Amino acid sequence: MIKANSLPRLMHRASGRPLSLEEHDQEFGLVDAQTDFLGELRNSGLTGRGGAGFPTYKKVELLSQQRGHGKFVVVNAMEGEPASHKDLALLNANPHLVIDGAEMLAHMIGAKRIAICVSRDNPIVINNVKRALHERTRRSLRGPEIELHTPPWRYVAGEESALVHWLDDNESLPQYRPQRPTILRIGRNAVLVDNAETCANVGLIGRFGASWYRQLGTESSPGSTLVSVTGAVDRAHVIEVALGTPVKAILEVAGADTDPSAILLGGYGGTWLSGDNIRLPFATEYLKEVGASVGAGIIMVLPKRACGIMETYRITKWMANESARQCGPCAFGLPALAEDLQQLVAGGKDRKQSLDRLIHRAAEIDGRGACKHPDGVVRMIRTALQVFDKDLQNHINGAPCVGSRDTKFYATVPRHEREEDLVWE
Amino acid sequence: MGVIRRTGSFVLKVNPILCDGFGHCHELAPELVDIDEWGYPIIKKDPTPFGNVRALQSARYAVRGCPRQALSIERVGDQP
Ligand code: SF4
Ligand code: SF4
């Protein structure tokens with residue numbers, strides 16, 4: 001048994017290779033099938049680790065009330081965010097913990113099938129999961145049937161409705177859901193989608209109980225979480241921290257710049273915060289005050305010498321290219337935002353109008369897509385305009401900062417694929 | 001046109017995936033639908049009372065007139 005108040009929990013015994021089933025049983029102990037999983041989950045106060053931070057218990061309860069015998073549990077390890085590495089790191093360290101959690105969730109809602117989704121660009125992780133599943137079939141044939149699925153990697157492919165759409169119909173496109181909360185379905189079967197890290201947390205809660213789980217973290221955000229730190233770091237890190245740890249401490253452990261000009265929280269559809277906010281504890285109840293949230297645990301560190309407007313432009317351009325092009329406001333609006341930002345960065349003649357147009361367009365696009373992809377980009381741009389106000393004024397006055405002429409960039413942006421090369425199925 | 005409800009209010013909703021920006025809705029219900037620079041509808045967010053018969057009428061025209069059947073009228077707030 002792992003000590004309650006020590007870290008790491010999720011990344012326990014993480015080394016270069018995943019734990020085998022025997023090692024896993026030794027390290028974590030066996031699951032007691034008689035446990036009241038649902039009750040423990042409720043008391044644990046676990047929130048989803050995929051970005052939205054919705055209480056997992058509520059989702060599970062909603063799904064357990066659905067009828068039908070063909071329910072699914074979908075483990076989302078798509079890792080759509082280029083700045084996030086946590087789900088893959090987790091599957092490379094403790095795949096059985098994730099699968100345990102998924103089995104417990106399946107037990108709670110009465111599902112017979114589990115689908116683990118890893119994008120197909122990660123052959124090593126796929127192999128690890130395959131091996132883990134193979135070890136399990138050798139042990140027992142009982143329990144839900146577990147399958148591995150490998151959708152193509154796209155930013156929005158990890159969005160839950162897109163993922164379910166892929167499983168249902170082989171297209172990684174988000175679906176329109178006017179009512180919320182929605183119950184997603186494969187065919188007629190209700191689906192519970194949970195992030196891989198959430199599943200691993202469920203695996204811990206089901207084993208050791210809610211009071212064990214609550215010994216780390218804060219009252220309203222219990223437990224620990226995986227954080228991916230990128231940007232001004234020596235090398236991209238995934239570290240496990242208790243929720244409520246000051247951001248500054250996380251940056252120190254990760255070996256990042258601890259005097260940044262800004263940080264981007266929550267990924268490329270997240271929130272820019274100015275550098276002095278790193279004293280805040282990393283928990284949603286504190287970050288809420290400055291308009292941010294823990295999200296999927298992504299911290300992108302921007303050093304003082306970099307140009308925030310430039311980075312925002314690069315991210316926006318890539319995000320615009322990753323739009324699924326189903327909805328007009330997203331398909332046309334995001335490239336338009338990127339264009340306006342480019343005018344600002346390059347200091348074109350109409351840069352003043354570009355700024356006004358940018359603000360106007362951002363307000364117009366907000367909330368008009370079928371999924372939250374455009375809203376995230378708008379939020380990122382809006383907070384960037386606030387945080388990098390000084391850089392912005394310099395750009396408008398025709399004296400762009402040194403950073404924008406630098407050739408070193410901090411936000412990792414994958415290769416732009418041409419529109420016809422984007423794979424959705 | 002069915003029964004005209006006079007209690008509660010409604011909003012017009014568009015399914016952005018279906019909508020192809022023909023702009024008919026803006027012509028049929030100008031008081032509820034604005035149009036953006038790419039021709040896609042921006043729909044008034046605050047609910048309109050069902051008592052506003054004219055608005056309801058044009059909302060219904062828009063729902064029928066949409067070539068992609070992307071629009072729907074949704075009841076919000078107090079149920080009768
Ligand atoms: S909002 Fe954008 S990413 Fe989302 S479904 Fe519509 S086109 Fe696709
Ligand atoms: S009439 Fe229908 S398809 Fe045309 S813009 Fe309006 S909602 Fe879109």
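In this predicted model, the side chains of B:Asp36 and A:Arg368 meet in a salt bridge, with a distance of 3.0 Å from N to O. This pair belongs to the contact between the two chains, where the count of salt bridges is 2, and where 4 residue pairs, both members at pLDDT 80 or more, are in polar contact.

**The side of chain A that touches chain B**

On this side, the helices α13 (328–331), α14 (333–346) and α15 (351–365) of chain A each supply at least two residues, and α15(A) gives the most, with 3 residues. Sorted by class, the side of chain A that touches chain B has 9 nonpolar, 6 polar and 3 charged residues. In total, 18 residues of chain A are in contact with 12 residues of chain B, and the two chains bury about 1300 Å² between them, of which 57% is on carbon and sulfur atoms.

**The sheet of chain B**

Chain B holds an open sheet of 3 strands, in the order β4-β1-β5 and with antiparallel pairing. Its edge strands are β4 (48–49) and β5 (71–76) of chain B, each of which pairs on one side only. Strand β1 (residues 9–14) of chain B and β4(B) pair in the antiparallel sense over 2 bridges, and B:Ser9 has B:Pro49 as its bridge partner in β4(B). Against this sheet packs helix α2 (residues 53–65) of chain B, which touches β1, β4 and β5 of chain B and whose direction makes about 140° with that of β5(B).

**The sheet of chain A**

In chain A, 5 strands form an open sheet in the order β3-β2-β1-β5-β4, and the pairing is mixed. The edge strands here are β3 (145–149) and β4 (184–186) of chain A, each pairing on one side only, while neighbouring strands of this sheet are turned by 35° against each other on average, direction ignored. Strand β1 (residues 72–77) and strand β2 (residues 113–118) of chain A run parallel and are joined by 6 bridges; A:Val75, for its part, has A:Ile116 as its bridge partner in β2(A).

Helices that pack on this sheet include the two set out below.

| Helix | Strands touched | Direction angle |
|---|---|---|
| α4 (residues 86–93) of chain A | β1, β2 and β5 (189–195) of chain A | about 105° with β1(A) |
| α8 (residues 196–208) of chain A | β1 and β5 of chain A | about 90° with β5(A) |

Both α4(A) and α8(A) therefore appear here with the strands they touch, and the angle of each refers to a named strand, β1(A) for α4(A) and β5(A) for α8(A).

**Salt bridges in the whole structure**

A search of the whole structure finds 22 salt bridges over all chains. One of these is formed within chain A, where the side chains of A:Glu103 and A:Arg136 meet at 3.1 Å, N to O. A:Glu103 lies in helix α5 (residues 95–109) of chain A and A:Arg136 in helix α6 (residues 123–139) of chain A, so this salt bridge ties together parts that are 33 residues apart in sequence.

Note on methods:
Residues are numbered from 1 along each chain as its sequence is written. Chains are lettered from A and ligands numbered from 1 in the order in which they are written. This is a predicted model: local features need pLDDT of at least 70, side-chain atom pairs count only at pLDDT 80 or more; totals for chains, interfaces and linings use all residues. Side-chain values use heavy atoms; hydrogens and water are left out. Two strands pair if DSSP finds at least two bridges between them. Helices (H or I, at least four residues) and strands (E, at least two) are DSSP runs, numbered from the N terminus. Contact means heavy atoms within 4.5 Å. Axes are lines fitted to C-alpha atoms, for helices over the stretch in contact, and angles run from 0 to 180 degrees between N-to-C directions. Buried area is the accessible area (1.4 Å probe) that two parts lose on being put together, summed over both. A salt bridge is a side-chain nitrogen of Lys or Arg within 4 Å of a carboxyl oxygen of Asp or Glu. A polar contact is a pair of N or O atoms within 3.5 Å; within protein, one must be able to donate a hydrogen and the other to accept it, and residues adjacent in sequence count only if both atoms are side-chain atoms. Ala, Val, Leu, Ile, Met, Phe, Trp, Tyr, Cys and Pro count as nonpolar, Asp, Glu, Lys and Arg as charged, and the others, Gly among them, as polar.
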